[in-house]
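Trainee: I'm new to this model, and I'd like a close look at one part of it. Please take me through the charged side chains that pair up and the parts of the fold around them.

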Amino acid sequence: MHPSRGARGILSGRIVGSPVIAEGKRAAVQAMLRRYPHIRPANCQGYGDHVSDLPMLAQVGHATVMGGDAQLLAALPGARTIPVH
């Protein structure tokens, strides 16, 4: 998934491809790590705001929970949290 660029290189906001959610995010992280094998998952950052982000956050060494999703916080008790107002 990536934003579409118009004829003059301006981002249109149109999404090309399917949105990446839940297990799709995990698969995207794994694909990126395969593409760049010198990057260690333990050195990667991940940010999520919903329990559906858990598969992706479990792939990285530094998970950050944005906001207060109770299920996500319970699943990642040691994660950094950033309150969202």
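Mentor: Let's begin with the term you will need: a salt bridge is a side-chain nitrogen of Lys or Arg within 4 Å of a carboxyl oxygen of Asp or Glu. Before we use it, please note that this is a predicted model, in which local features need pLDDT of at least 70 and side-chain atom pairs count only at pLDDT 80 or more, while totals for chains, interfaces and linings use all residues. Residues are numbered from 1 along each chain as its sequence is written, and side-chain values use heavy atoms, with hydrogens and water left out.

By this rule, there are two salt bridges. In general, side chains of opposite charge can pair when their charged atoms come close.

Start with D53 and K25, whose side chains meet in a salt bridge with N and O 2.5 Å apart. This pair links distant parts of the chain: D53 sits in the loop between β3 and α2, K25 sits in helix α1, and 28 residues separate them. Helices (H or I, at least four residues) and strands (E, at least two) are DSSP runs, numbered from the N terminus. On that numbering, β3 covers 45-48, and α1 covers 23-35 while α2 covers 54-57.

How buried or exposed are the two partners? D53 counts as buried because its relative accessibility is 2%, whereas K25, at 24%, counts as partly exposed. The cut-offs are under 20% relative accessible area for buried, over 50% for exposed and in between for partly exposed, with a 1.4 Å probe and protein chains only.

The side chains of D53 and K25 also make a polar contact at 2.5 Å. That term means a pair of N or O atoms within 3.5 Å; within protein, one must be able to donate a hydrogen and the other to accept it, and residues adjacent in sequence count only if both atoms are side-chain atoms. Setting aside its neighbours within four places in sequence, D53 is in contact (heavy atoms within 4.5 Å) with K25 and G48.

The other salt bridge is found in helix α1, where E23 and R26 lie three residues apart, about one turn of the helix. The closest N and O atoms of E23 and R26 are 2.4 Å apart. Both residues are partly exposed: E23 has a relative accessible area of 42%, and R26 has 25%.

Now look at what lies around these pairs. M56 touches K25 and R26, and also V29, G46 and Y47, when residues up to four places away in sequence are not counted. M56 also belongs to the largest nonpolar core, which has 11 residues: V29, L33, C44, M56, L57, V60, A63, V65, L72, L76 and A79. The elements giving two or more residues to this core are α1, α2 and β4 (62-66). Such a core is a set of buried Ala, Val, Leu, Ile, Met, Phe, Trp, Tyr and Cys residues joined through side-chain atoms within 4.5 Å.

G48, the other contact of D53, leads us to the sheet, because G48 stands opposite V65 in β4. In the sheet, three strands lie in the order β3-β4-β5, forming an open sheet with parallel pairing. As edge strands, β3 and β5 (80-82) have a single partner strand each, so one side of each is left without a neighbour in the sheet. Neighbouring strands are turned by 25° against each other on average, direction ignored; here axes are lines fitted to C-alpha atoms, for helices over the stretch in contact, and angles run from 0 to 180 degrees between N-to-C directions.

Two strands pair if DSSP finds at least two bridges between them. Four bridges join β3 to β4, and G46 stands opposite A63 in β4. On the other pairing, β4 and β5 share three bridges, with M66 opposite I82 in β5.

T64 gives a good view from within strand β4. With a relative accessible area of 1%, T64 is buried. Not counting residues up to four places away in sequence, T64 touches Q45, G46, Y47, G48, L57, R80 and I82.

For contrast, return to helix α1, where A27 is found. A27 is partly exposed, with a relative accessible area of 36%.
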